[in-house]
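User: I'd like a close look at one part of this protein, starting from a single pair of bridged residues and working outwards. Could you walk me through it?

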Amino acid sequence: MSRVALRTVTYPVRSRRIPAGFDGVHIAVLADLHNCRVGGDNRILLDAVRESHPDWILLAGDMITDGIHAVCCDESLRVLRSLAEIAPVCYALGNHEARWQESDPEGFAAYQKKAEGMGILFLDNASTFLRRGGDRLRVTGLSLPRRYFAKGKRVRATARDIRDLVGRADTAHYQILLAHTPAFAKAYSQWGADLSLAGHYHGGVIRLPGLGGVISTAFYPFPRYDRGKYRVGTGELIVSAGLGSHTIPLRVNNPPELVVLELRGGR
């Protein structure tokens, strides 16, 4: 990945539910690094994150690749250490972290402990508040069971399924959901997410002009939410094209992507 140019995309996020204290706040969102490198030692990626001047960094999962973590988790930890020196970091799990956690709980626990020692906050079906002065936003990390990532099958998730995993949405505060996969965007909105952040589809892997992403990581052609910003029900969904690849290292017309949110609220 070191010779591939990085695409930085800034999305304005406007809502009357965003308190005035968060107006102008920048949040960097990273997804699907998969132990890859965007520049030697990820310098291109880390420089881009620094240049976005984030107040917080949110990780939407799959920073590692299940199956090669024993060799490459050190690469992820190096990136995490550098990110934590830039801004506070919240880390939600993707399907690869969840698979590692299931297949090798001791190994994943050791990885998590090292990352937490650097100041990384894991949101494994858990929530936290981002605080600025007296104002707060709520961020929830959703860890879906493996069955929701079945390849070649249509899997359904409901708002009740989300609630059973993470509890109820916070109606008193602007609610961000780190969901990894965009497949269940309607359920996220019905659950109560004002903003859902996802990746997982790697931008559709191959992108064609006028058609968008060709295939999802679940092997469905032309996924509906491949990359970009969408209105879904009463909420918004922002999908990152991701930063890396795995198994088949392929990205065509689809550079690695850093997402930056620019919050606008209080009016």
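Analyst: Let's start with one bridge: Arg138 has Gln175 in β8 as its bridge partner. Keep in mind that this is a predicted model, and that residues are numbered from 1 along the chain.

That pair sits in a wider link. Strand β7 (residues 135–141) is joined to β8 by four bridges, and the two strands run parallel. Zooming out, β7 and β8 belong to an open sheet of six strands, in the order β6-β7-β8-β9-β13-β12 and with mixed pairing. At the edges you'll find β6 (126–132) and β12 (228–232), each of which pairs on one side only. As for twist, neighbouring strands in this sheet are turned by 20° against each other on average, with direction ignored.

Strand β8 also takes us to the enclosed space in the model. There is one cavity of 30 Å³ or more, and the volume of the largest cavity is about 40 Å³. Its lining is made up of Leu93, Gly94, Asn95, Ala98, Leu142, Ser143, Leu144, Phe149, Ala179 and His180. Two elements, α3 (95–103) and β8 (175–180), give two or more residues each to that lining. In terms of chemistry, the lining of the largest cavity splits into six nonpolar residues, four polar ones and no charged ones.

Now for the open space. The largest pocket holds about 610 Å³. It is lined by 28 residues, and Arg154, Val155, Ala183, Phe184 and Tyr201 are the ones that lie nearest its centre. Helix α6 (residues 185–191) supplies the largest share of the pocket lining, with four residues. If you're thinking about the make-up of this pocket, the lining has 18 nonpolar, five polar and five charged residues. So charged residues do appear in the lining of the largest pocket, while the lining of the largest cavity has none. Next, two places where the backbone deserves a look. Most residues other than glycine have a negative phi. Asp32, though not a glycine, has a positive phi of about 60°. You'll find Asp32 in the loop between β2 (26–30) and α1 (43–51). Asp32 counts as buried because its relative accessibility is 0%. Asp62 is another residue other than glycine with a positive phi, near 60°. Its place is the loop between β3 (56–59) and α2 (69–86). With a relative accessible area of 1%, Asp62 is buried too.

Strand β3 gives us one last stop, since Ile57 is found there. Ile57 is buried as well, at a relative accessible area of 0%. Leaving out residues up to four places away in sequence, Ile57 touches Ala28, Leu30, Val49, Leu83, Ile86, Ala87, Pro88, Val89 and Cys90. One of these contacts, Leu83, lies 26 residues from Ile57 along the chain, and the C-alpha atoms of the two are separated by 7.6 Å.

Terms used: Predicted model: local features only at pLDDT ≥ 70, side-chain atom pairs only at ≥ 80, totals over all residues. Heavy atoms only, no water. 1 Å grid on protein atoms, 1.4 Å probe; cavity = no way out; pocket = protein on both sides within 12 Å on 5 of 7 lines; lining within 4 Å. Points joined across faces, edges and corners; volume = space filled by probe spheres on them. Nonpolar A, V, L, I, M, F, W, Y, C, P; charged D, E, K, R; others polar. Pairing = 2+ DSSP bridges. Axes fitted to C-alpha atoms, helices over the stretch in contact; angles between N-to-C directions. Buried < 20%, exposed > 50% of the residue type's maximum accessible area, 1.4 Å probe, protein only. Contact = heavy atoms within 4.5 Å.
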